[in-house]
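Here is a short report on a structure with a bound ligand. Have a look at the model first, and then we can go through the ligand site, some helix packing and a few backbone details.

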Amino acid sequence: MAKVVVIGGGWAGVAAAITAKKAGAEVTVIERTDILLGLGNVGGIMRNNGRYTATEECILLGGKELFNVTDKASRHVNIDFPGHKHASLYDVCKVEPMVRRLLIEMDIQILLRSRAIDVDVVDNAIKGIVLQNGDVIEGDVFIETTGSTGPMGNCLKYGNGCSMCILRCPSFGPRVSISQKAGVEDLVGKRKDGSYGAFSGSCKLNKDSLSQEIIDQLNKKGVVILPVPKKDINTKKLDMKVCQQYALKEYAENLILLDTGHAKLMAPFYPLEKLRQFKGLENARYEDPYAGGVGNSIRYLSIAPRDNTMKVEKLDNLLCAGEKAGLFVGHTDECNPKVRQLGLLDFILFTSPQKNLYSTMISIPCNFIN
Ligand SMILES: Cc1cc2nc3c(=O)[nH]c(=O)nc-3n(C[C@H](O)[C@H](O)[C@H](O)COP(=O)(O)OP(=O)(O)OC[C@H]3O[C@@H](n4cnc5c(N)ncnc54)[C@H](O)[C@@H]3O)c2cc1C
């Protein structure tokens, strides 16, 4: 049985692990923090606009597992908010244990608090991943899904400092780009003004810190829209966002809150003293990032050059997915690469004899091209 090692346990890593397992591999997921899902623990919006179709397509193509979980964990379904129709909002406080149980039931090995710090490469093929504690995790195929956020130095350099986000670099150690460690230069995303990276586009407010009226409306409708005073409207801030689908003028003219268990504030950051001037937000406090009043995490700083089979250039047995594989901006996109990889993994695990594994990976096309 071929052994597949996934580095990074966010949505993309979890999706890749499930795909590999269904294709018949023995699978290990390496995650540096103490929980799975990475940025998926602060998201929540699913099935909005074209993502509805993408989700249904992915389910029909055989990738139903994670969408079943996000549907089941949804607090609201079929809701509209500016620029978006028929969205669902999963509960960010409940979804991670559900995904973890799914992986355990599927007999996927999860190594938490296991930070990858280096790679062992021989003749363009990775032999093993070196963990911070000195252990080496060997495998036949490696899938890198470490995202594009961090290390902390990037947020300090290209953002407004470490805003203490869900990735918790100071406690668990910074993110490491595995492809870069293996000698392949990362690609970097740029903003309109030429500066590097992009701000994560939303924050979470602790729901209990909001007025009862706002809490009730969030629980009932899923959405609260509060007009921003004219003097405070700042449309320039929209260009900083990762998710340009939310960079509409309505998001500068209003504070838009969505109920994802906490209150998701659809702005990259917002000064706390100004936030507290809104009726109902007098006692508001940030849940994530902790310093959401001044900044947010910076993403898109580390993308692996790859082909359409998701194989990283110059390396025979390293695939990538999720944000590490391109300027993807959402959970649906991260779950989709599992479908793209399906063609490749099926081929490797069922059609090729183990001894031909590496050469086979270079030459085959993938059925599902992004
Ligand atoms: C604030 C915010 C709100 C968002 N809201 C939404 C939303 O509502 N809807 C939506 O569709 N999308 C949303 N997104 C985008 C979405 O969350 C991301 O695009 C997606 O979750 C990225 O998944 P990923 O698996 O590629 O990367 P990540 O989630 O970044 O996962 C990478 C994982 O790799 C781990 N890792 C990194 N380095 C190492 C290492 N060396 N060793 C071991 N593990 C390592 C990290 O700890 C992390 O768990 C949001 C993003 C943010 C930041």
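A polar contact here is a pair of N or O atoms within 3.5 Å; inside the protein, one atom must be able to donate a hydrogen and the other to accept it, and residues adjacent in sequence count only if both atoms are side-chain atoms. With that in hand, a nitrogen atom of the ligand lies 2.7 Å from an N or O atom in the side chain of Lys-264. Two further contacts involve ligand oxygen: one to the side chain of Arg-32 and one to the side chain of Glu-323.

| Side chain (N or O atom) | Ligand atom | Distance |
|---|---|---|
| Arg-32 | oxygen | 2.7 Å |
| Lys-264 | nitrogen | 2.7 Å |
| Glu-323 | oxygen | 2.7 Å |

On its own the ligand has 1,000 Å² of accessible area, and the protein covers 98% of that; such areas come from the Shrake-Rupley method with a 1.4 Å probe. Please bear in mind that this is a predicted model, where local features need pLDDT of at least 70 and side-chain atom pairs count only at pLDDT 80 or more, while totals for chains, interfaces and linings use all residues. Numbering runs from 1 along each chain as its sequence is written, and side-chain values use heavy atoms, with hydrogens and water left out.

Which residues are the closest to the ligand? They are Glu-31, Arg-32, Lys-264, Glu-323 and His-331, out of 36 that surround the ligand, each with a heavy atom within 4 Å of it. By type, the shell divides into ten nonpolar, 17 polar and nine charged residues. Here Ala, Val, Leu, Ile, Met, Phe, Trp, Tyr, Cys and Pro count as nonpolar, Asp, Glu, Lys and Arg as charged, and the others, Gly among them, as polar.

Now to the helices, which are DSSP runs (H or I, at least four residues), with strands being E runs of at least two, numbered from the N terminus. Helix α4 (residues 95–105) packs against α1 at an angle of about 20°, their axes 11 Å apart. That makes α1 roughly parallel to α4, a label for angles under 35 degrees, whereas over 145 counts as roughly antiparallel. The axes of α3 (residues 65–72) and α4 come within 10 Å and cross at roughly 150°, so α3 and α4 are roughly antiparallel. Axes are lines fitted to C-alpha atoms over the stretch in contact, and angles run from 0 to 180 degrees between N-to-C directions.

Finally, the backbone. The peptide bond from Gly-150 to Pro-151 is cis, with omega near 5°, and Pro-151 sits in the loop between β10 (141–144) and α5 (152–158). Another cis peptide bond runs from Asp-288 to Pro-289, with omega near -15°.

Note on methods. Angles under 35 degrees count as roughly parallel, over 145 as roughly antiparallel, 65 to 115 as roughly perpendicular and the rest as oblique.
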